[in-house]
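User: I am new to reading protein models, and I would like to understand the reasoning behind the words used for this one. Could we go through it step by step?

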Amino acid sequence: MSNPTERYRKLGLGESLPTIFRYPIACKELSFILRGAYAKLRKNLQSLIFQDTLSAFRLLPQMQTSGAVAAAHLLLQSAEAALPKQKKSLVVTEFKHAKVAHKRRSKAHKEEKGSAQLPQDVLLHIFSLLDLQSLISVALVCWSWNLAANDNNLWKLQYTAVFGRSGNYSRTKKMQWNGRSQKVYCKLLEENVVSQTHIDWKETFKRAYIGMWDVDFYFLCNHFVNGPYAF
């Protein structure tokens, strides 16, 4: 049976922290461990958890989402409750520095006053409600909006809205396709039906749309791909 240190390493919290979508979950897991088990653990494992806590705060400036900030605050509260005085002081100092760096980085990415108070996760939620032309239009507003509008999950939603359920390629809306369109779509089936894990949904949508409506989509995508905020 593996010892506590090995079991902790298998959680992969240190590896999850640099990933923007895993960061909040890793912080919450660290919070639970600090509050519920830290005092009972051996010193070598306590040291490892402490280092991961410091790493979480050092990575906070890279996490431009409100969920990440909330998770970091929760982690700070748990650290203050569980850590001894000296380590607690180091953690608090690291968190304060991270907050300052986070605010500076957020300000640097805000190009327009109208979008200044909208973090990426909020933009993603709003953009998920838009139709195709509106999504392409908002991508031309500024850098942060373009970044959000190119999110892979948003284009999966667009694909689902136009072509049917993304999880079942055989069920699509009844449209009259020409021979060329059917061949293009069949090619997409062969390429993507095996695994949806790494599908580029924007590219998949674009190719399927072009195959169905010929050149109409080129005009729209030209603005999206080659616009002033394209990357």
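Analyst: Let us start with a definition: a residue is called buried under 20% relative accessible area and exposed over 50%, and partly exposed in between. Please keep in mind that this is a predicted model.

User: Why is Glu203 called partly exposed?

Analyst: The relative accessible area of Glu203 is 33%, and because partly exposed is the name for values between 20% and 50%, Glu203 counts as partly exposed. Glu203 belongs to helix H12, which covers residues 201-213. Its C-alpha atom is 9.6 Å from that of Asn152, although 51 residues separate the two along the chain.

User: What makes Ser31 buried?

Analyst: Ser31 has a relative accessible area of 1%, and since the word buried applies under 20%, Ser31 is therefore buried. This residue sits in helix H3, made of residues 23-36. When neighbours within four places in sequence are set aside, Ser31 is in contact with Leu74, Leu75 and Ser78.

User: Thr5 and Glu6 both lie in helix H1, so how do you know which of them is buried and which is partly exposed?

Analyst: Each value has to be set against the limits separately. Thr5 has a relative accessible area of 17%, and because the limit for buried is under 20%, Thr5 is placed among the buried residues. Glu6 comes out at 41%, which falls between 20% and 50%, so Glu6 counts as partly exposed. Helix H1 consists of residues 4-11.

User: What does Thr5 touch, and how far is Glu6 from Leu45 in space?

Analyst: Apart from residues up to four places away in sequence, Thr5 touches Asn44 and Leu45. The C-alpha atoms of Thr5 and Ile49 are 9.8 Å apart, with these positions 44 residues apart in sequence. For Glu6 and Leu45, the C-alpha to C-alpha separation is 9.3 Å, and they are 39 residues apart in sequence.

User: What makes the pair Glu94 and Arg58 a salt bridge?

Analyst: The name requires a side-chain nitrogen of Lys or Arg within 4 Å of a carboxyl oxygen of Asp or Glu. Between the side chains of Glu94 and Arg58 the distance is 3.4 Å, N to O, and because this lies within 4 Å, the pair is called a salt bridge. The pair links distant parts of the chain, with Glu94 in helix H6 (residues 85-109) and Arg58 in helix H4, 36 residues apart. The structure holds one salt bridge. As for Arg58, its relative accessible area is 45%, so the term partly exposed applies, being the one between 20% and 50%.

User: How is the packing of helices H3 and H4 described?

Analyst: Two packed helices are described by the angle between their axes and by the distance between the axes. For H3 and H4 (residues 43-59), the axes come within 11 Å and cross at roughly 145°. The contact involves Tyr23, Cys27, Leu30, Ile33 and Leu34 of H3, together with Ile49, Asp52, Thr53, Ala56, Phe57 and Leu59 of H4. The crossing in which H3 passes H4 is left-handed.

User: At what angle do H4 and H5 pack, and which residues make the contact?

Analyst: H4 and helix H5 (residues 66-82) pack at an angle of about 145°, and their axes are 11 Å apart. Thr53, Ala56 and Phe57 of H4 make the contact with Ala72, Leu75, Leu76 and Ala79 of H5. The crossing of H4 past H5 is left-handed.

User: Why is Ile126 called partly exposed, and which patch does it help to form?

Analyst: Ile126 has 34% relative accessibility, and because this lies between 20% and 50%, Ile126 counts as partly exposed. Ile126 is located in helix H7, residues 120-127. Together with Leu118 and Val122, Ile126 forms a nonpolar patch on the surface, and these residues have about 180 Å² of accessible area together.

User: How many helices and strands does the chain have, and how much of it is buried?

Analyst: The chain has 13 helices and zero strands, and 40% of its 231 residues count as buried. The chain exposes about 13900 Å², of which carbon and sulfur atoms supply 55%.

Methods
Residues are numbered from 1 along each chain as its sequence is written. This is a predicted model: local features need pLDDT of at least 70, side-chain atom pairs count only at pLDDT 80 or more; totals for chains, interfaces and linings use all residues. Side-chain values use heavy atoms; hydrogens and water are left out. Helices (H or I, at least four residues) and strands (E, at least two) are DSSP runs, numbered from the N terminus. Buried means under 20% relative accessible area, exposed over 50%, partly exposed in between (1.4 Å probe, protein chains only). Contact means heavy atoms within 4.5 Å. Patches are made of residues with over 30% relative accessible area and no salt bridge: like charges are joined within 9 Å, nonpolar side chains (Val, Leu, Ile, Met, Phe, Trp, Tyr) within 5 Å. Accessible areas come from the Shrake-Rupley method with a 1.4 Å probe; for residues, only the protein chains shown count as cover. Axes are lines fitted to C-alpha atoms, for helices over the stretch in contact, and angles run from 0 to 180 degrees between N-to-C directions. A crossing is left-handed if the near helix is turned anticlockwise from the far one by less than a right angle, and right-handed if clockwise.
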